[in-house]
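Hi,

Here is the structure I promised to pass on to you. Please open it and keep it beside you while you read the notes below.

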Amino acid sequence: MKKLLQIDAKKTHFFFIGSILILCVGFFIISCGSEISPQLKIQDKDRGPYAIDFTDCRGTSCQVLVLMNDEIAAYNRIDDRPLTVEAWVKLKPTSTSPETGAIMGRISTITGGAALYIKDDVPKFRIINRDWSDPAITTGTPYTVSSNVSLTDVWTHIAGVLSNTVHSHPSTTSCALNVGNQTPHLDMHVDGVFTGCATTGSQFATSPDSELFTSMGVGVWGDVSGADIEGITSKTPFNGIVDEVRMWGVERTSTEINACMKRELSSDGDCDSTIPASGLVGYMRFNEGQGLSTGDRAGLGSGGKFFLNPDCSSHEWEAGWSTDTPF
Ligand SMILES: [Zn+2]
């Protein structure tokens, strides 16, 4: 009898644990099912403030390669729309020569695209438009905005904007007064301060394979072979640290850039990154702090995946996770 009671107790115990397990599994399925919901959109692990130090690369050049699936094509297409790309950058000069290299982008004179980069220490933002309707035209037209400041080895926030609004600009040496009347046009902000503008001939960017943010690179251009712009190729190493990379399919105003540049984006408040209202299409905090992959915090569900990848050939680069961060 006593033994039977023990067995019954064990059965009851087992049933109780089993019920809890079933509830947990059910909760997991509901939480992590195929439906895209806000809580599923965070794929990375947050170990605190980290950034990516590209000078830690042990190959010829290292990059964070952005891969997204077709589910979010509607978001990451860049044709005929404004754009904003942002990143925190700290140069780590390897010599007395000025630094040149790509911060982020996917660009080619053949396919078009957009890119944020450093040329001789000066931050620049470029778009390329390729007219596919005319077979005689085989290369696109580049338009570039240059800031009027040179970077040093201190953390600096850089934002390139393809604006589609008419607005006035603060006067700078690198910005013609009438450019603000054009739609679209290019603007540049460094540490939240307007530093330059440029015409695009009323053209938006075209994007390789229709999407910019698919196969976009951070630390180099994306995987567009043959890209050589201002001496930068898809293999040119970036001598610096990069953090808080944000890609938007909308124009961010100077006020919006300033409000959110020194903090992480969230799901509410002034720096709401909720899709699709915010227009955020890619967001890398680089807060994993270890391993070979980094997640997309933009909120696009399973659509975004980022790989730390040298030369697109192997995963031998244990990423240069850096605790040196802008905030
Ligand atoms: Zn402007």
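Below are my notes on confidence, the core and one residue at the surface.

Please keep in mind that this is a predicted model. The average pLDDT of the chain is 79, and 76% of the residues reach at least 70. Among the elements, strand β8 (residues 156-163) has the highest mean pLDDT, 98, while helix α1 (residues 2-31) has the lowest, 45. Residues 1-7 have a pLDDT below 50, and this stretch makes 0 contacts beyond near neighbours in sequence. Residues 20-43 also stay under 50; for them the model shows 13 contacts beyond four places in sequence.

Now to the inside. The largest nonpolar core contains 70 residues, and those with the most contacts within it are Ala87, Ala102, Ile103, Met104, Leu116, Leu186 and Val242. Strand β3 (residues 83-91) contributes the most to this core, with 6 residues. As background, nonpolar side chains tend to be buried together in soluble globular proteins. Ala87 is a good place to start looking: leaving out residues up to four places away in sequence, Ala87 touches Ile103, Met104, Leu116, Ile158, Val242, Glu244 and Val245.

Finally, have a look at Thr255, which sits in helix α3 (residues 254-260). Is Thr255 buried or exposed? Thr255 has 10 other C-beta atoms within 10 Å, so this residue counts as exposed, the cut-off being 12 or fewer. Along the chain Thr255 and Val193 are 62 residues apart, and their C-alpha atoms are separated by 9.9 Å.

Enjoy exploring!

Best wishes

Definitions and conventions: Residues numbered from 1 in each chain as written. Predicted model: local features only at pLDDT ≥ 70, side-chain atom pairs only at ≥ 80, totals over all residues. pLDDT = per-residue confidence, 0-100. Helix = DSSP H or I, 4+ residues; strand = E, 2+ residues; numbered from the N terminus. Contact = placed C-beta atoms within 7 Å. Core = buried A, V, L, I, M, F, W, Y, C linked by C-beta atoms within 7 Å. Buried ≥ 20, exposed ≤ 12 C-beta atoms within 10 Å, placed from the backbone.
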